[in-house]
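The exercises below are meant to be worked through slowly, with the sequence and the structure open beside the page. Try each task before reading the solution that follows.

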Protein chains: 2
Amino acid sequence: MNISIIAGGAGFIGANLCERLLAEGRTVVVIDNLLRGSRDYLNRGLVASGATASQLIFIEADLAKRNSTEDAFAKANSFGIVDEVWHLAANSDIPAGVADADVDLKDTFLTTSEILRCMKTYKIGALYFASSSAIYGDLGDQPLHENIGPLLPISNYGAMKLASEALISAATESYLDCACLFRFPNVVGVPATHGVILDFIRKLNVDNNNLDVLGDGSQRKAYLHVSDLVEAMLLVRSHPEASKVFPINIGPVDEGVYVRWIAEQVVKRISPAAIIRFGLGNRGWVGDVPKFHYSTAKIQSLGWKPQLGSERAVLRAIDEIASQEGF
Amino acid sequence: MNISIIAGGAGFIGANLCERLLAEGRTVVVIDNLLRGSRDYLNRGLVASGATASQLIFIEADLAKRNSTEDAFAKANSFGIVDEVWHLAANSDIPAGVADADVDLKDTFLTTSEILRCMKTYKIGALYFASSSAIYGDLGDQPLHENIGPLLPISNYGAMKLASEALISAATESYLDCACLFRFPNVVGVPATHGVILDFIRKLNVDNNNLDVLGDGSQRKAYLHVSDLVEAMLLVRSHPEASKVFPINIGPVDEGVYVRWIAEQVVKRISPAAIIRFGLGNRGWVGDVPKFHYSTAKIQSLGWKPQLGSERAVLRAIDEIASQEGF
């Protein structure tokens with residue numbers, strides 16, 4: 001019985017991935033600190049996947065801490081042979097990480113360091129890592145492809161994702177068989193735990209007459225629906241080109257949508273009479289990259305294409321998150 | 001009275017830098033854990049610089065630990081206004097860091113994280129960081145310029161230098177005024193605490209008939225003399241182009257020398273009758289990059305040129321280290 005570990009598997013993307021791995025017939029051990037994740041998400045995924053209850057094992061643990069990580073991996077390995085780890089455990093609140101560097105140091109980076117240590121101990125060969133477009137920092141109008149530099153992230157979140165990539169890369173030279181470094185774009189869908197759409201909906205839930213937007217709304221970003229993201233990762237994992245250490249951008253093939261447009265769509269869906277009030281500047285917060293051109297040529301060359309572009313991904317996510325929030 | 005802090009200032013490069021900053025008339029606070037460094041190195045530099053004893057303050061502290069870093073910075077700030085930090089504190093034993101990831105995690109990366117935290121607290125605006133060519137990993141024959149990617153280091157040392165760069169980069173977006181990321185090549189000179197020349201001389205001191213070399217000697221590397229390195233850093237620090245976050249390679253303008261040639265020169269100087277015995281493969285250890293073409297076009301465009309090429313740097317260092325070791 002081959003086992004997948006999903007670190008951070010009870011969160012937004014982890015829960016979607018878990019459902020797909022269960023549907024593949026794998027046994028999945030989810031390790032999560034339940035800071036933003038939830039066992040409910042997993043149980044819903046278990047039902048949707050059609051898997052048996054024994055295929056899903058949940059371990060609550062803080063993967064930034066050595067002892068609890070060691071305990072969690074020991075337990076996971078007691079169930080059978082673990083042959084892959086999906087590492088999605090991270091802080092997902094970028095501004096919180098800018099305010100206090102310890103947040104990303106621990107949750108985004110030390111999780112990677114401790115997971116690698118246990119993969120070495122238990123000789124687990126394959127690591128699939130949720131990296132981020134944030135590692136690129138603000139390179140202006142240049143298309144962000146995987147071979148660009150210099151990599152100068154502008155948030156502690158981006159910095160600790162790059163630090164994680166670096167440590168994983170060194171591990172593939174030493175004891176890991178292979179590692180995919182999936183550089184995620186902004187991802188939308190449910191179960192939503194954070195992000196601009198959820199923020200807007202919750203603000204309108206408090207005050208359905210006004211929606212305050214950080215920045216002037218001119219930030220443009222590409223969004224991918226979580227269903228497309230999960231399919232992309234599974235495709236890359238099965239691809240023969242993905243050997244040793246393999247950094248790869250995942251993202252929509254369009255240039256993205258403006259925050260202003262997202263605000264308008266959310267208002268239309270939730271509270272059509274509400275007035276949208278914009279702030280100043282084209283950055284929402286320190287560490288926010290106003291716009292970028294994300295190159296997905298590499299993953300397209302592997303035969304991947306998203307089902308939904310940024311617009312349709314956002315529109316579907318607005319519907320899904322509105323339902324989740326009771327609208 | 002403006003103060004420079006040199007983290008790791010009692011080590012090989014730090015002691016050379018300290019002497020030059022003292023000669024500039026600055027007050028220098030050296031913080032070092034004395035793992036490889038020595039107060040003797042500093043005292044010799046003080047004498048050579050012609051500075052007064054009160055210009056040099058030494059604090060023994062482990063900068064990977066929060067409390068001791070905070071105490072050291074509090075003390076340093078009690079002497080006057082600290083306006084720059086030179087961060088040279090790091091593990092310098094790459095194979096040790098591959099064997100135990102904690103070594104570079106703590107000494108190469110957490111030092112950066114803790115130093116940044118204190119720079120934020122004390123509003124110190126300028127950081128000069130000793131990064132490394134090891135951040136580039138093994139990109140084959142491509143010329144390694146500052147804008148190349150992907151950055152996939154093959155040692156934990158290189159990974160934790162890249163992690164440090166990333167965190168510093170994020171800090172310049174938030175609270176740091178400017179940061180230079182000096183990507184060091186292999187540096188030679190005295191006081192030597194580690195490195196291939198010292199290794200060879202010490203081996204010959206134990207057995208003057210034989211010199212065992214890791215690998216087949218075909219590794220080719222560029223070497224810079226420490227005197228040229230220090231001048232390069234001071235030039236960049238004074239240059240108006242070096243603003244905000246500024247990654248820059250420092251290295252010789254030649255393509256380097258072969259390990260085989262270094263072994264021969266050391267034997268010639270120390271024990272001409274000794275036989276050199278080579279190992280297999282073109283890598284000395286996991287994490288060792290066999291050869292690379294280091295682009296120094298950027299620093300040359302600022303008007304810098306080393307006084308010594310790789311050959312002359314190594315020959316001078318062999319003489320200096322031989323004297324240091326009593327030959």
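## Exercise 1: One arginine in its surroundings

Arg237(A) counts as buried, because its relative accessibility is 18% and the cut-off for that class is under 20%. The model is a predicted one, so please read each value as computed from predicted coordinates.

**Task.** Find out in which helix Arg237(A) has its place, and which residues it is in contact with once its neighbours within four places in sequence are left aside.

**Solution.** Begin with the element: Arg237(A) belongs to helix α8 of chain A, which covers residues 226-237. Next, leave aside the neighbours within four places in sequence, and the contacts of Arg237(A) are then Leu21(A), Glu24(A), Arg26(A), Glu84(A), Trp86(A) and Tyr128(A). Finally, look at Glu84(A) in that list, since its side chain makes a polar contact of 3.0 Å with the side chain of Arg237(A).

## Exercise 2: Where the two chains meet

**Task.** Describe the interface of chain B and chain A, starting from how many residues are in contact and ending with the classes of residue on the side of chain B.

**Solution.** First take the extent of the interface: 39 residues of chain B are in contact with 39 residues of chain A, and the area buried between the two chains is about 2800 Å², with carbon and sulfur atoms giving 59% of it.

Then turn to particular interactions, where the rule finds six salt bridges across the interface. One of them joins Arg117(A) to Asp102(B), whose closest N and O atoms are 2.9 Å apart. The count of residue pairs in polar contact between the chains is 14.

Now ask which elements of chain B give two or more residues to the side that touches chain A: they are α4 (94-99), α5 (101-121), α6 (156-174) and β12 (245-249). Of these, α6(B) gives the most, with 11 residues. Sorted by class, this side of chain B has 23 nonpolar, eight polar and eight charged residues.

## Exercise 3: How the copies are related

**Task.** Work out which rotation superposes chain B on chain A, and which residue of chain B has the C-alpha nearest the axis.

**Solution.** Start with the superposition, in which a rotation of 180° with 0.0 Å of shift along its axis brings chain B onto chain A, at an RMSD of 0.0 Å. The two copies are therefore related as by a two-fold rotation axis. In chain B, the C-alpha nearest this axis is that of Ala163(B), at 2.0 Å from it. As a last step, compare the contact residues: 100% of those of chain B recur in chain A, and the same surface serves both copies.

Conventions. Residues numbered from 1 in each chain as written. Chains lettered and ligands numbered in written order. Predicted model: local features only at pLDDT ≥ 70, side-chain atom pairs only at ≥ 80, totals over all residues. Heavy atoms only, no water. Contact = heavy atoms within 4.5 Å. Buried area = accessible area lost by both parts, 1.4 Å probe. Salt bridge = Lys/Arg side-chain N within 4 Å of Asp/Glu carboxyl O. Polar contact = N/O pair within 3.5 Å; in protein donor to acceptor, adjacent residues only side chain to side chain. Helix = DSSP H or I, 4+ residues; strand = E, 2+ residues; numbered from the N terminus. Nonpolar A, V, L, I, M, F, W, Y, C, P; charged D, E, K, R; others polar. Buried < 20%, exposed > 50% of the residue type's maximum accessible area, 1.4 Å probe, protein only. Least-squares fit on C-alpha atoms with pLDDT ≥ 70 in both.
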